[in-house]
Amino acid sequence: MKDQVIKLITRKVVTTLITVMLFALSFSSYGLIGNASLSPYDRGEEFIGWAILIFYYGGIIIFIYGTAVSIVLELMLRKILPKYNWLYILLHGLFGGIFLFQDLDILFLGIVPAFLYGLVDRWLYTQNMDGRHIKFGLLIPIALTLVLWAIFSLTSETRPSITSEEAIERATSGEGTISSNFPKDKKKWNGEIEGFQVSRKSSARKRGDNEYIVTLTESWEKGYLNGTYKIHYIVDRNTVSLHSKSGLVPPYYKK
């Protein structure tokens with residue numbers, strides 16, 4: 001009896017893993033294909049991100065609710081299951097969508113994984129939880145993940161190189177920082193700060209195929225006090241990092 005319970009629980013856990021992985025992959029693919037509102041770049045990474053998100057949240061629901069329903073159905077239909085596996089699978093689908101019938105748009109989110117759960121569970125049951133079939137069942141979604149990731153990555157559009165204007169905008173983004181006070185384009189700013197005549201300018205010099213060194217230059221003057229302060233950033237499409245600082249820090253920054 002104890003061995004049967006362990007075998008039952010093990011089958012349900014393996015079924016949950018295979019079901020959640022397959023559903024996450026299929027739903028992520030469905031969400032990306034033909035969706036013009038999504039970015040055409042880095043589709044492979046976006047596919048993996050959605051799949052992980054669905055796997056996490058879908059896995060919790062399926063493991064708790066799906067496994068409980070499946071165990072109850074199996075205990076109730078144990079005597080007729082060998083002849084009526086289709087009924088077992090059909091009831092899984094019914095209970096999967098029982099709380100979602102009022103919203104047809106998301107009804108399939110419950111029915112599809114529930115049907116899939118029933119199919120995978122019956123397949124493992126008929127194979128008597130053979131170790132080779134368990135490995136095969138787990139390898140299918142893993143292999144499918146690699147294939148789909150490769151397809152989405154290869155069909156993604158090539159992201160254009162960052163421009164000098166975009167590099168300056170990225171370097172001066174944010175709030176409450178010194179760099180955020182500088183022009184977000186190549187125009188010069190002139191003004192007065194605490195009695196100092198201040199001039200600020202942003203410039204960018206290309207370094208490499210997709211990288212710029214953005215220099216923020218601030219000149220200040222008040223009577224005999226004057227100086228120039230420069231901040232240099234290395235900017236690419238994904239990151240902004242401080243390269244160096246030079247010159248005299250304006251007195252109004254030290255307060």
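## Close-up views of a predicted model

**Overview. The secondary structure of the protein chain comes to six helices and five strands.** The model shown here is predicted, and residues are numbered from 1 along the chain. Read from the N terminus on, the elements of the protein chain follow the order α-α-α-α-α-α-β-β-β-β-β. The protein chain has 255 residues, and 36% of them count as buried. Its exposed surface comes to about 15800 Å², of which carbon and sulfur atoms supply 64%. Among the contacts in the protein chain with a separation of 6 or more, 53% are between residues 24 or more positions apart.

**View 1. The largest pocket and the helices that line it.** The space in the largest pocket is about 460 Å³, and 20 residues form the lining around it. Which residues lie nearest the centre of this pocket? They are I61, I62, L109, G110 and P113. At least two residues of the lining come from each of helix 1 (2-32), helix 2 (43-76), helix 3 (85-96) and helix 4 (104-126), and the element that gives the most is helix 2, with eight residues. Sorted by kind, the lining of the largest pocket holds 15 nonpolar residues, five polar residues and no charged residues.

**View 2. G59 in helix 2 and its contacts.** G59, a residue of helix 2, has a relative accessible area of 14%, and because buried means under 20%, G59 counts as buried. When residues up to four places away in sequence are not counted, G59 touches T16, V20 and I54. G59 and F23 are 36 residues apart along the chain, while their C-alpha atoms are separated by 9.7 Å.

**View 3. I71 in helix 2 and its contacts.** Is I71, which also belongs to helix 2, buried or partly exposed? With a relative accessible area of 24%, I71 is partly exposed, because that value is not under the 20% that buried requires and not over the 50% that exposed requires. Leaving aside neighbours within four places in sequence, I71 is in contact with L8 and K12. The C-alpha atoms of I71 and I9 are separated by 8.6 Å, although these two residues are 62 residues apart along the chain.

**View 4. W123 in helix 4 and its contacts.** W123 is found in helix 4 and is partly exposed, its relative accessible area being 28%. Once neighbours within four places in sequence are left aside, W123 is in contact with H133, F136 and G137. One of these, H133, lies ten residues from W123 along the chain, and the C-alpha atoms of the two are separated by 9.1 Å.

**View 5. The largest nonpolar core.** How many residues make up the largest nonpolar core? There are twelve residues in all, namely I162, A167, I168, A171, F182, Y212, V214, L216, Y229, I231, Y233 and V235. Two or more residues of this core come from each of helix 6 (164-171), strand 3 (211-222) and strand 4 (225-236), and strand 4 gives the most, with four residues. In soluble globular proteins, nonpolar side chains tend to be buried together.

**View 6. V214 and its contacts.** V214, one of the residues of the largest nonpolar core, can be followed through its contacts. Not counting residues up to four places away in sequence, V214 touches A167, I168, A171, S203, A204, I231, H232, Y233 and V235.

**View 7. E194 and G195 in the loop between strand 1 and strand 2.** E194 lies in the loop that joins strand 1 (189-193) to strand 2 (196-206), and the phi of E194 is positive, at about 50 degrees, although E194 is not a glycine. The relative accessible area of E194 is 44%, so E194 counts as partly exposed. G195 is found in this loop as well, and G195 too counts as partly exposed, at 32% relative accessibility. Where residues up to four places away in sequence are not counted, G195 touches E221 and K222. G195 and G223 are 28 residues apart in sequence, and they are 9.6 Å apart in space, C-alpha to C-alpha.

Conventions. This is a predicted model: local features need pLDDT of at least 70, side-chain atom pairs count only at pLDDT 80 or more; totals for chains, interfaces and linings use all residues. Side-chain values use heavy atoms; hydrogens and water are left out. On a 1 Å grid over the protein atoms alone, a cavity is a set of points where a 1.4 Å probe fits but cannot get out, and a pocket is an open set with protein on both sides within 12 Å along at least five of seven lines; lining residues have an atom within 4 Å of a point. Grid points are joined across faces, edges and corners, and a volume is the space filled by probe spheres set on the points. Ala, Val, Leu, Ile, Met, Phe, Trp, Tyr, Cys and Pro count as nonpolar, Asp, Glu, Lys and Arg as charged, and the others, Gly among them, as polar. A nonpolar core is a set of buried Ala, Val, Leu, Ile, Met, Phe, Trp, Tyr and Cys residues joined through side-chain atoms within 4.5 Å. Buried means under 20% relative accessible area, exposed over 50%, partly exposed in between (1.4 Å probe, protein chains only). Contact means heavy atoms within 4.5 Å. Accessible areas come from the Shrake-Rupley method with a 1.4 Å probe; for residues, only the protein chains shown count as cover.
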